[in-house]
Amino acid sequence: MSLAGQLLALQLVIVVVMLAGVLAISMAQSAKSFERTEGRRALSAAETLAAMPLVRAQLPGSAPRMGAALPSVTESVRAISGASLALLASPEQEVVASTSPALLGTRLDRPRSAPAGRSWTGRAPLAGQDTAAAFVPVLNDAGQVVGTAVVARDRPHVLQLAAAAVPNLAVYMGLSLALGISGSLLLARRVKRQTFGLEPREIAALAEHRSAVLHGIKEGVVAVDSEQRITVLNGPAAQLLDLSPDAVSQPIGSLGLPDEVVDALTSDESVTDELVLAGSRLIVVNRRPIVSGNRVEGRVTTLRDRTELETLERELGTTRATTEMLRAQTHEFANQLHTISGLVQLREYDEVIHYIDGLEQDRTAFRDGVTERVGDPTVAAVLIAKSSLAAERGVRLSVSDGSSLGRIGDELSRDVAAVVGNLADNAIDACARTPDPRVHVELMDLPNLLRCVVADSGPGISDTDLPSIFRRGFSTKTGPRSERGYGLAIVRALCRRHGGDVRVENRGGAVFTAEFRREGR
């Protein structure tokens, strides 16, 4: 059944129920009105019958079927009043005169609520009929009760009451049906316009499909309305943002999300593949506003986790660093071979031996110094690779004699290597064009804490840039914004993932201190 048909059927049911209620109330009111009106008429007729001198004089000594005077008077009062029944009873409640012969000689069935010796009107069963009756005592000249006069009228049956109400009821039903049908059609038209012409079953199917799609895709989906309340939150989005499913319908500002995440979810601008840091996760954000007319009704944002990709990129970065180290060493070896070749051509054989011994000592000294102080192979490889790159750019990279780092877990090892490599790259870039460029690295494996300090001899960081240096998208380097400004933000995220943090200060150049919390050993 269509929506219009359902509304019409519902309206018809409501109309029928209401009309049934109206009919019941109308019948009850008619019955009460009948009792009230006919009770007064019956009381007046009964009082007239009881006040007649003939009745007052003959009733005390009368018996059933004795004489015709009392039956004649009783019938006369019944006929004049239009009542259904009239009778006279002796003080012993024996019926001595009645318009219904079947009651003669029987005992008057007086209702319990009718007091003896007093007038009473009400509902009473007489002669097998449900009647509206009036009981009036008959008094003699001395004021003594010598009998009872009763006048009654049959109460209408239910069908008679319903028949009396049918004319008005038909009018009410016609008007109600007309209004109900018109209202149903108008309401169905309005609802279908608001639901884009979809029937309820189609809307239910769309809701089921929407739920299946939202929870079946890998990407996170978040929808925020114009009041900045979350209206849609699927499972992957809740996992990425560390929210519970109860966050739906709550204001997004009350969920404790980082400011940059709140801005990414509530901004009215469209963005594509924007990187956002959410705790220790790097998330790719695509956002589109929901526009109705000229008004923004909300925003829909899709989220993709790039943390795993970043892990692969860091591992690839380690491999790339090794490759670059080999490339730099190849370039360096080529220069050294050219030097050796020249010395051989000059027949300076002793100088050749002295030159080779010096090269071997320098290379071995740095490599041995790193491996003695840094026991983790991944971090050591990064430092050795960065030393070759630094040498190629004319920068001297050194590892502090006080450095001490043992072998650490694979996950922490990758993160520490990524942080060291990132900070070393930034330091080399910062001081490469300065006189006597130097980069100094210190690694300290303290109780429950791993600290990495990278200092350079560059110009340092300006005071205006210090508060923003770790903010996503901020960079002091030139280049496209999409390619800059994420290195230090990722460094901070990696440190915070392990319960630590990173800070920077100026001491003859920029000094970055990154710390990682470790479980007690």
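## A pairing to start from

Let's begin with one residue pair: valine 224 has arginine 299, in S10, as its bridge partner. This pair sits in a predicted model, so treat the details accordingly.

Zooming out a little, which strands pair over 6 bridges? They are strand S6, covering residues 220-225, and strand S10, covering residues 295-305, and they run antiparallel to each other.

## The sheet around it

S6 and S10 belong to an open sheet of 5 strands, laid out in the order S7-S6-S10-S9-S8 with antiparallel pairing. At the edges you'll find strand S7 (230-233) and strand S8 (271-278); each has a single partner strand, so one side of each has no neighbour in the sheet. On average, neighbouring strands here are turned by 25 degrees against each other, ignoring direction. As a reminder, the strands of a sheet pair through backbone hydrogen bonds, in either a parallel or an antiparallel way.

## A helix across the strands

What lies across S6, S8, S9 and S10? That's helix H7, made of residues 259-266, and its angle to S8 is about 155 degrees. Strand S9 itself spans 281-292.

## The chain as a whole

Stepping back, the protein chain has 12 helices and 15 strands. Of its 521 residues, 40% are buried.

How much of the contact count comes from residues 24 or more positions apart? Taking contacts in the protein chain with a separation of 6 or more, the share is 54%.

As for the outside, the accessible surface of the protein chain is about 28800 Å², and carbon and sulfur atoms hold 54% of that surface.

Note on methods
Residues are numbered from 1 along each chain as its sequence is written. This is a predicted model: local features need pLDDT of at least 70, side-chain atom pairs count only at pLDDT 80 or more; totals for chains, interfaces and linings use all residues. Side-chain values use heavy atoms; hydrogens and water are left out. Two strands pair if DSSP finds at least two bridges between them. Helices (H or I, at least four residues) and strands (E, at least two) are DSSP runs, numbered from the N terminus. Axes are lines fitted to C-alpha atoms, for helices over the stretch in contact, and angles run from 0 to 180 degrees between N-to-C directions. Contact means heavy atoms within 4.5 Å. Buried means under 20% relative accessible area, exposed over 50%, partly exposed in between (1.4 Å probe, protein chains only). Accessible areas come from the Shrake-Rupley method with a 1.4 Å probe; for residues, only the protein chains shown count as cover.
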